[in-house]
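This briefing sets out the fold, the surface and the aromatic contacts of the structure shown below. The points are grouped by topic.

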Amino acid sequence: MTKLFEKLYAAWVDIAFAAKAHDITPAKALAITVFGAVAACLPTAFFVVLGTLYKATH
């Protein structure tokens, strides 16, 4: 579990430095990253659900 926290901390440090370089707050950079990841995953989730519904009804 410690390795996971080390990786999460390293990711947070990377986000914080990138945010500072672009004059935005680290929290805003993290929010953009999370919302971007969710937006990228939504089409995949949509088609997985659609396929599941199709299998259940056909």
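In this predicted model, buried residues account for 5% of the 58 residues in the chain. The chain contains two helices and zero strands. Its radius of gyration is 17 Å, whereas a compact globule of 58 residues would have a value near 10 Å.

**Overall dimensions and surface**

- The C-alpha trace of the chain spans about 50 × 30 × 10 Å along its principal axes.
- About 5100 Å² of the chain is exposed, and carbon and sulfur atoms supply 76% of that area.

**Nonpolar surface patch**

- A nonpolar patch on the surface is formed by Y9, W12, L30, V34, F35, V38 and L42, which together have about 720 Å² of accessible area.
- Two elements, α1 (2-21) and α2 (26-57), give two or more residues each to this patch.
- Helix α2 provides the largest share of the nonpolar patch, namely five residues.

**Patch residues in helix α2**

- L30 lies in helix α2; its relative accessibility is 34%, so this residue counts as partly exposed, the class that lies between the limits of 20% and 50%.
- V34 is also located in helix α2, and with a relative accessible area of 44% V34 is partly exposed.
- Both L30 and V34 thus have values over the 30% relative accessible area that patch membership requires.
- Between V34 and V48, which are 14 residues apart along the chain, the C-alpha separation is 21 Å.

**Aromatic pair**

- The number of aromatic pairs in the model comes to one.
- This pair consists of F46 and F47, whose ring centres are 5.2 Å apart and whose planes stand at 75°, so the arrangement is edge-to-face.
- The assignment follows because ring centres must lie within 6.5 Å to pair, and planes over 60 degrees apart count as edge-to-face.
- Which exposure class does F46 fall into, given its relative accessibility of 48%? F46 counts as partly exposed, because the exposed class requires a relative accessible area over 50%.
- F47 has a relative accessible area of 55% and is therefore exposed.

Technical notes:
Residues numbered from 1 in each chain as written. Predicted model: local features only at pLDDT ≥ 70, side-chain atom pairs only at ≥ 80, totals over all residues. Heavy atoms only, no water. Phe/Tyr/Trp six-rings, centres within 6.5 Å; stacked < 30°, edge-to-face > 60°. Buried < 20%, exposed > 50% of the residue type's maximum accessible area, 1.4 Å probe, protein only. Patch = residues over 30% accessible without salt bridge, like charges linked within 9 Å, V, L, I, M, F, W, Y side chains within 5 Å. Areas by Shrake-Rupley, 256 points an atom, 1.4 Å probe, with all protein chains shown as cover. Salt bridge = Lys/Arg side-chain N within 4 Å of Asp/Glu carboxyl O. Helix = DSSP H or I, 4+ residues; strand = E, 2+ residues; numbered from the N terminus. Rg over C-alpha atoms; globule rule 2.2 N^0.38 Å.
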